[in-house]
Structures are given as C-alpha cells and as structure tokens.
Amino acid sequence: MRFPFDNLFFREMEGFYAPAEPERPSAPKLLAFNHALAADLGLILEKGGEAELAALFSGAILPEGAEPLAFAYAGHQFGHFSPQLGDGRALLLGEIVTPAGQRFDVQLKGSGRTAFSRNGDGKAAIGPVLREYLISESMAKMGIATTRALAAVATGDRVQRERAHPGAVLTRIAASHIRIGTFQYFAAHHGEAPVSQLVRHAIARHYPEIAAEKNPALALLDRVIDRQAKLVADWMGVGFVHGVMNTDNMSISGETIDYGPCAFMDRFRMNSVFSSIDRNGRYAYGKQPHILHWNMARLAEALLPSIHAVDEKDVEKAKQLIAEVPARFQEQWEKNLRAKLGLGVAQEGDGALFDAMFAMMEAENADFTGFFRGLAVHLREGDHAFQRSGAPMDEAAWGEWRVQWLARLDAEYGEGQRLARAEAMDQVNPLYIPRNHLVESALEKAEASDMGRWERLLSIVCDPYVQREGLEEFALPDGLDAPAYRTFCGT
C-alpha cells in the first residue's frame, strides 16, 4: 500500500512531539479494514493482500514516508490538571493528503510504549479497539463529526488488564490530533511563543479562512466554540454520552475523539452515566453542555498569552466569547430537537414543549432512540403503531404532550403535510444505533475469535436510518430488568 504522506507537523513543529517507534507484534492478523475509507483517502492497495495490511496497520512494518511521533499534551482529567500526559499508547505515522486536497492524520493506537507512557504498556486489547471502530463508524454514518477507523489488527500478543486479553491495534484517521490539552501543555510549560506557533499551525490546518484576522488566537477560540457546541448538541441528539470529556480528549477540529467509556442511552435519564470511573457523574448525559462551557474556558485560558500579545483589550473579548457558550450550544441543541420532532423555524413555546417531552420520557422510562423514531410511525399510522414501536407510553402521560406537539407541527406545516414530516424525521432519527448490550455481545464473541456478530452489527449501524426486515432485535433496547451498564476506558 502506498501512502501520500506530507508530514507538516513533523517538519514544522519540532518540540511539540517526541519521536516514536511501534513495537513489533508477534503475529499480526487483520480483523477489519475499511475499504471505502481507504479509497476516499487515496490509499492505493497493491498486491500484498491481508498479510501486508496486517503488517502495516499493526506497526510490524513502517510504510514508506512515515515519520512516527507521539504528541505532547496536558489536560484536565475530571477537573484536575495533569501538566503532562501525551500519547502514551498511540503514535502518528504521518499526515496524508487526499485526492480532494484534504489533510488527515494516520495514527496507530495500541502500538506500544512512547516517551509519554509513564507506567503504561502502550498496548490495547481487542475489545476497546473493536468498540472504537464500531462506534466511530456508526457516528460517521449518522453525520456526526468524528475520527474514523481504517483498520483493526490483532497482534497475537496478550494484554494484561484485570485479566489477559488478546491485543490489537486500531488505525485512526483524524483531521488532526491537536487537542485543547495540546495548548494547555505549551501554555503551562513554555509560554506565549509556542502557543502562538501552535495557533498558526492549527488555523492553517483547520480554519484557513481566519488566517488574516487581527487576533488569530481570538478568532480560533471563536471557531472552536462553534464546532464544539455543534458536536455536543449532535451527541445529545442521538443519546450519546462521551463519558470522559477531559480537555485532553477534546479536539480543536470539532471531531469526536477517544471512544473509551462512551455509551448510548436506552432508557432516557438526564443523569445517565456509564463510565466506571465517573463516580460523581461529572460527564453525565445532561451535564455535557456544562462541561462544554468549562472546557472552552480552559482553552481560552491557554490562549490568553497569545490573545494578550496582540492586543490586551482582546482579553475582554475572549471572556465575552466564553460567556456566549451556553447560548451557542442552546441554539444548536434546539435546532436539532426541532428537526427530530419534524419542526422547522423556532417559535415561542418550543422550550416548554421540549422540557415537557423530556420530563415525560424520563417518567415513562422511554427508550430514547425508539421514542423519536416512533413519532414518525405515529404520524403515518396513529397511536396504536407508536405504542408498538418500542417506545410505549402511558396514555395519560403521552396524550397531553402529543396534542401539543401535533398542534405545533400542524400550525407550521398543515395537517396534510404529516407524512412528509415523518419522512423528514426519519432522515435525522436513527433506527439502528450501537446499543450497549449488542456491542458487548459482539465484543465477547470477537474476543473468542468469532467476528461474525461484530461484522453484522457494523453493517447494520452503518446504515442507520432505513428500516429492514429481520432486524427487529437491533432496534430494541435492553430489558428494563437488565443490570446497570458500565464501560471502561480500556487502558
């Protein structure tokens, strides 16, 4: 395979990374390869077949033009600042430029120790690798900004966690791996000059339209706030809980990154927490907008030396941008909710309609995905069909809200447009998501060397909006009596 490498970060940002080399696996074996993504990236497949792909994407061999490195960064982890983190189990092979002129990072995750590994082994187990592959590809197919999975390779080695697991390496594709924590590291240790250098690089990479702004760091903060506000609103629109919104896990490109203890809600709870390490619920579903605000404030703090160096008066403008974060999120969130309910233009009273809906969903143990999908079923077939859709409701609870929603919908579009609105809703409300019990079942089989269920689940969630016969189990939540679901970071 040939890679169109052009490694700008390696050439231009010395001091922002540590050179790294992958550890050689004992017996690499290809588990999954994303042929469609490879074609989009302009990666040219040659005659080596699966053996070559396994060697390349496990670190057994380095592709021509690779200049591997591990990023330096810091981060607030559960609110506490860690001054040095960095890529402890990942390395950047290099940057490629696609036929369309887009630039992407190619990173191996789980390929062994780096200068930032501290006491870790730098490895990854098969479960977290296949979990990230599955969920990131599902997110991409739902149109949510995300890193992508190019390949998963078993290493043939064992990784010791609470017990020994088969090892694996994920190849992750990202617009870049520059994080809020990257700015924090250089602001904490080196001051204004490297922060300003990183600002210029980040703008050239992600936001070239603001390169000529009078205060580039201030303009960068403005753009990142917009991207992150949309991202968190999009997560919440599909019931997704990231689980570990530390500043080192937040990309300035606005992509979802680091699928560790993440999960999708089945039964709606505003305070849903799935991460085994989030004991105080800091990153619960309903707290994600507050953490967005907090994280943007931490980015602003890291950028302040660069903002102040251009014009000290702009520090007040940075404060104002941070004050605007909740309103920017709310605007995007309500836009998403209107689309999910078949509505269009904002109208007075929408907030009360949304609040009443969530209160009803929580009181009724509503399945988040099934509820929104069921609304379109109701528009087509009536209440009896909605009640069969996987989102059954007590008539007294559901009836009053339903009347309000239909009145709002008909006032905007007319009762004769209900079928058209149902079609529009089905374009934004997925039917098939990586439900937690399905993911765990697939991973358990995969660890026992049976990839069939994982491959089937991947194919289903990568076509999330179109209903298909015979897939009813993939559209239903786990039972009400199922034990509380817990996820782990996989390190």
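**Notebook: helix packing, salt bridges and backbone**

**Entry 1. Helix 4 and helix 17**

I looked first at how helix 4 meets helix 17, and I recorded that helix 4 passes helix 17 in a right-handed crossing (the near helix is turned clockwise from the far one by less than a right angle; anticlockwise would be left-handed). The model is predicted: local features need pLDDT of at least 70 and side-chain atom pairs count only at pLDDT 80 or more, while totals for chains, interfaces and linings use all residues. Residues are numbered from 1 along each chain as its sequence is written, and side-chain values use heavy atoms, with hydrogens and water left out.

I noted that helix 4 covers residues 126-141 and helix 17 residues 452-461 (helices are DSSP runs of H or I with at least four residues, strands are runs of E with at least two, and both are numbered from the N terminus). Their axes lie 9 Å apart and the packing angle is about 15° (axes are lines fitted to C-alpha atoms, for helices over the stretch in contact, and angles run from 0 to 180 degrees between N-to-C directions). Helix 4 and helix 17 are therefore roughly parallel (under 35 degrees; over 145 is roughly antiparallel, 65 to 115 roughly perpendicular, the rest oblique).

I then listed the residues in contact (heavy atoms within 4.5 Å). Helix 4 supplies Leu130, Tyr133, Leu134, Glu137, Ser138 and Lys141, and helix 17 supplies Trp454, Leu457, Leu458 and Val461. By class, I recorded 7 nonpolar, 1 polar and 2 charged residues in this contact (Ala, Val, Leu, Ile, Met, Phe, Trp, Tyr, Cys and Pro are nonpolar; Asp, Glu, Lys and Arg are charged; the others, Gly among them, are polar).

**Entry 2. Helix 8 and helix 9**

What angle do the axes of helix 8 and helix 9 make where they cross? I read roughly 170° for helix 8 (residues 288-310) and helix 9 (residues 314-323), whose axes come within 10 Å. These two helices are therefore roughly antiparallel to each other. On helix 8 the contact uses His293, Met296, Ala297, Ala300, Leu304, Ile307 and His308, and on helix 9 it uses Asp314, Val315, Ala318 and Ile322. I recorded 8 nonpolar, 2 polar and 1 charged residues in the contact of helix 8 with helix 9.

**Entry 3. Salt bridges**

I found 36 salt bridges in the structure (a side-chain nitrogen of Lys or Arg within 4 Å of a carboxyl oxygen of Asp or Glu). I looked up three of them.

Aspartate 6 pairs with arginine 103, with 2.7 Å between the closest N and O atoms. Aspartate 6 sits in the segment before helix 1 (8-12) and arginine 103 in strand 7 (residues 103-109), so this salt bridge ties together parts that are 97 residues apart in sequence. Aspartate 6 is partly exposed at 24% relative accessibility (buried is under 20% relative accessible area, exposed over 50%, partly exposed in between, with a 1.4 Å probe and protein chains only).

Arginine 163 and glutamate 447 form a salt bridge at 3.3 Å, N to O. Arginine 163 is in the loop between strand 8 (148-160) and strand 9 (164-174), glutamate 447 is in helix 16 (residues 436-447), and the two are 284 residues apart. Arginine 163 is partly exposed at 45%, and glutamate 447 is partly exposed at 23%.

Aspartate 426 and arginine 373 meet at 3.6 Å, N to O. Aspartate 426 belongs to helix 15 (residues 418-426) and arginine 373 to helix 12 (residues 368-381), so the pair ties together parts 53 residues apart in sequence. Are these two residues buried or exposed? Aspartate 426 is buried at 9%, and arginine 373 is buried at 10%. I also noted one network, in which salt bridges that share partners join Asp6, Arg11, Glu95, Arg103, Asp105 and Arg205.

**Entry 4. Helix 5**

I checked the cover of helix 5 (residues 180-189) and found it mostly covered, with 7 of its 10 residues buried. The buried residues are Ile180, Gly181, Thr182, Phe183, Gln184, Tyr185 and Phe186. What covers them includes strand 4 (75-77), strand 5 (80-82), helix 6 (192-206), helix 7 (216-237) and helix 8. Just after helix 5, I noted glycine 191 with a positive phi of about 85°.

**Entry 5. Positive phi outside glycine**

Aspartate 258 has a positive phi, near 70°, although it is not glycine. Aspartate 258 is in the loop between strand 10 (240-241) and strand 11 (263-264), and it is buried at 11% relative accessibility. Serine 449 has a positive phi near 75° and is likewise a residue other than glycine. Serine 449 lies in the loop between helix 16 and helix 17, and it is exposed at 69%.
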